[in-house]
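Work through the exercises below with the sequence and the model at hand. Try each task before reading its solution.

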2 protein chains.
Amino acid sequence: MASKLTLSSPNSLLLQNPIIHHQNHQLLLKPTTKMTSFSILTNKVKGFSIKCAATTTPTPLSHSQDLEERVFNFAAGPATLPANVLKKAQSELCNWHGSGMSVMEMSHRGKEFLSIIQKAEADLRALLNITEDYTVLFLQGGATTQFAAIPLNLVKPEDSVDYVVTGSWGDKAFKEAQKYSKSKVIWSGKSEKYTKIPSFDSLEQTPDAKYLHICANETIHGVEFKDYPDPKNGILVADMSSNFCSKPVDVSKFGLIYAGAQKNVGPSGVTIVIIRKDLVGNAQGITPVMLDYKIQAENNSLYNTPPCYGIYMCGLVFDDLLAQGGLKEVEKKNKKKADLLYNAIDESKGFYRCPVEKSVRSLMNVPFTLEKSEFEADFIKEAAKEKMVQLKGHRSVGGMRASIYNAMPLAGVEKLVAFMKDFQARHA
Amino acid sequence: MASKLTLSSPNSLLLQNPIIHHQNHQLLLKPTTKMTSFSILTNKVKGFSIKCAATTTPTPLSHSQDLEERVFNFAAGPATLPANVLKKAQSELCNWHGSGMSVMEMSHRGKEFLSIIQKAEADLRALLNITEDYTVLFLQGGATTQFAAIPLNLVKPEDSVDYVVTGSWGDKAFKEAQKYSKSKVIWSGKSEKYTKIPSFDSLEQTPDAKYLHICANETIHGVEFKDYPDPKNGILVADMSSNFCSKPVDVSKFGLIYAGAQKNVGPSGVTIVIIRKDLVGNAQGITPVMLDYKIQAENNSLYNTPPCYGIYMCGLVFDDLLAQGGLKEVEKKNKKKADLLYNAIDESKGFYRCPVEKSVRSLMNVPFTLEKSEFEADFIKEAAKEKMVQLKGHRSVGGMRASIYNAMPLAGVEKLVAFMKDFQARHA
């Protein structure tokens, strides 16, 4: 059952990418491949195979090969995205669903984009079981813009608000809140280099605090809340930027959840805010209109032009997470990856060290150091040669950091662990 | 000099997209095209031609065909982008320049993205001849966020600032400025339905106004400044969102220029601010850190994660505008398109009407109505059938609007004009 495709040519023919991708049956031949002769054998069961005599140059790369030549990207954010999501985005970049337009070109008030943002919201609500008494907003400016928007929208300048500071991001959120409220740090892990989460009983909450703010996962320090404190008086507010949609969360425990998209759910430029509806509508008079949740809620995030393409990408990721079976399944995969990596560190007899208290180690961001710190630069350089990139720790803490978000495949962590053992064998 | 590629096959072979794109020599065959037999003739001078017997289904669409099946998109923004730019973005979406990553996945502090944002800024500086005494910022939140950021950064609450209101956007900018300054409307075109620009001599500027704000092109009303007023006291500030990079501009006349990217230079989610360096550093205490130009300038727009993919797309557009010969050449093309369309309106003996005073008609946004307004819905519907979409006027003014930004090809305007003449013949 084999058919033969032959090129009999005395003169050169330039075609795109000498690969048969048997999944979607596309025939692509590498750019500037000088074909002198080639033949394709096809078999419905086995898929394609190709033989060809060709001299090639690697760039510009195209489809199938893109995905083969991808690195394992351990960046803390922007971070790796699911390969199938990127491929889908690529296939419809110039013409979305036969609309004759790219998503980047669509009016944000047209039926095409409205269907995209509405599906994105519906899928996110399904993933996190978000009830109708919460509003979901797709905004801009990153979590850092929310550091101001939260006190501006939720309290008056004379109101007290509490911050539990378990890392750099919680600290930044607190400092910004000082401009718009009587904000107070009721616990800080700074003296212990942000390696712990306090016991909730020990927290001395301000009796009349309007909200209690936490950073659910500290990207730089790798400290993650496994459970959540109960505010004595007000509501619980959480920055979930770096563990958003990495596991199930009981949204009803929170008054407000916010997250930059660029870790687990999309590209940078989209910030998601999930807020209880009864908390909307109390913005201070000095609040910029774009930071006013009431304006954004009344306009379904379309008061002005939203980051349409970013929202579209988030929608593709949400769809993919649902297809994986939802956040319970995603959490299982994330635990498996994190266990593999933390075990490799803990079983290295001190060659590798993770400073974070075991019970609160992040499933997303794994910081570690070398006992022989003089080898850290080599570790990062050699890993990069093996196509494992962005392993350098944040400039404020040094060492290494492996961010293993939803989209990091198990194979990436397995490869890293194998490399770590090999590196240790060579440097112990 | 012809060579022959033949497929002799008794059984079916699924390939991707039955098109030979002779510009980049890529062989793509339509998805689920059932090939029974085909042959390709190639000739180095004439490029490729293809004959094949195939039964096809249209989706999912892919490369070459995407561009053939694109509509003419007259949306006011997000708006049409250059087809070659979209195609380049598509080709490198999964793997940028062999980095093994999508631009969406890159750390904003890594060398790859830094090279992207630095080239984007350099190319923009070249396009507009921006000197070193101006800072260029790539921000988020749209022009609407700048409506607040401008007074917050440039003046104190007790300072006077003047606004010339030639349309809805200028009016929104004025209203937001009232929160942070003593802002005053010194001229408004509202009573004349925003169809005029005032004579500059007639402007009664506030003697101690810290700045004079204009909207260089009103997207909704199609009114464009052809020259710029001189502020008596302070600096000139201009919202150029909808005519940014559509023609040369003498940046030195302005203290601050700002623009949302989603009309002429990229997707939504990127806002460009060009500000004279001596004006940076005076933000009011209540300014959210993300809106503080000093923080953004000191961090080269990387205080937090910027909208990386949007900035990359803007960079591709800037590169394309330079390749076209720069903004003088771009302006020539825009004038030719606008003349063609306005002439068709003016020569229609009143069948089509543009309310805007001729001397200040926008080269970018062309609003028009039908003398027989009962046919406007048909006009829009029939045009859409002819693959000319988004011609409905803004809900606040009705009628039609054709936005003909840089990326709208002359062929799109020619097709619209031909349709207008045909429609008139059928309805006169």
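The exercises go from the whole chain to single helices and then to single residues.

This is a predicted model, in which local features need pLDDT of at least 70 and side-chain atom pairs count only at pLDDT 80 or more, while totals for chains, interfaces and linings use all residues. Residues are numbered from 1 along each chain as its sequence is written, chains are lettered from A and ligands numbered from 1 in the order in which they are written, and side-chain values use heavy atoms, with hydrogens and water left out.

**Exercise 1. Confidence**

Task: Find where pLDDT stays under 50 in chain A.

Solution. Step one is the average: pLDDT (the predictor's confidence in each residue, from 0 to 100) has a mean of 88 in chain A, and 84% of the residues reach 70 or more. Step two is the low stretch: residues 1-63 of chain A stay under 50. The model still has 169 contacts beyond four places in sequence for residues 1-63, a contact being heavy atoms within 4.5 Å. Where pLDDT is low, the predicted coordinates should not be read in detail. Step three concerns the complex, to which the predictor gives an ipTM of 0.86 and a pTM of 0.86.

**Exercise 2. Chain A as a whole**

Task: State how many helices and strands chain A has, and which residues the annotated domain covers.

Solution. Count the DSSP runs, where helices (H or I) have at least four residues and strands (E) at least two, numbered from the N terminus. Chain A has ten helices and 21 strands. Next, take burial: buried means under 20% relative accessible area, exposed over 50%, and partly exposed in between, with a 1.4 Å probe and protein chains only. By that rule 62% of the 428 residues of chain A are buried. Then look at the contacts in chain A with a separation of 6 or more: 64% of them join residues 24 or more positions apart. Last, the unreviewed UniProt entry places "domain: Aminotransferase class V" on residues 71-416 of chain A; UniProt positions are given here in the numbering used for the model, feature names are shortened, and annotations may be inferred rather than shown by experiment. That stretch is 32% helix and 17% strand, with its end C-alpha atoms 12 Å apart.

**Exercise 3. Helix H8 of chain A**

Task: Work out which residues of H8(A) are buried and what covers them.

Solution. Start with length: H8(A), residues 327-346, has 20 residues and reaches 27 Å from first to last C-alpha, close to the 28 Å expected at 1.5 Å a residue. The expected span is 1.5 Å times one less than the number of residues. Now list the buried residues: Leu327(A), Val330(A), Glu331(A), Asn334(A), Lys337(A), Ala338(A), Leu341(A), Tyr342(A), Ala344(A) and Ile345(A). They lie on the same side of H8(A), because they cover an arc of only 165° around the axis; the arc is that of the directions from the helix axis to the C-beta atoms. An α-helix has 3.6 residues a turn, so residues three or four places apart point the same way. On the other side of H8(A), Lys328(A), Lys332(A) and Lys336(A) are exposed. The cover over the buried residues includes helices H3 (111-128), H7 (308-323) and H10 (410-427) of chain A, and also strands E18 (352-353), E19 (365-370) and E21 (400-403).

**Exercise 4. Phe351(A)**

Task: Decide whether Phe351(A) is buried or exposed.

Solution. First locate Phe351(A): the loop between H8 and E18 of chain A holds this residue. Its relative accessibility is 4%, so Phe351(A) counts as buried. Leaving out residues up to four places away in sequence, Phe351(A) touches Thr369(A), Leu370(A), Glu371(A), Phe423(A), Gln424(A), His427(A) and Ala428(A).

**Exercise 5. Helix H4 of chain B**

Task: Find the kink in H4(B).

Solution. H4(B), residues 142-154, should span 18 Å with 13 residues, and its end C-alpha atoms are 18 Å apart, which agrees. The kink, about 30°, lies at Ala148(B), shortly before the proline Pro151(B); the bend at a residue is the angle between axes fitted to the seven residues ending there and the seven starting there. As 13 of the 13 residues are buried, H4(B) is largely enclosed by the rest of the structure.

**Exercise 6. Backbone details**

Task: Name the residue that follows Gly77(B) across a cis peptide bond.

Solution. Pro78(B) follows, with omega near -5°, and sits in the loop between strand E6 (72-73) and helix H2 (83-91) of chain B. For positive phi, take Cys245(B), near 60° and not a glycine. Cys245(B) is buried, with a relative accessible area of 2%.
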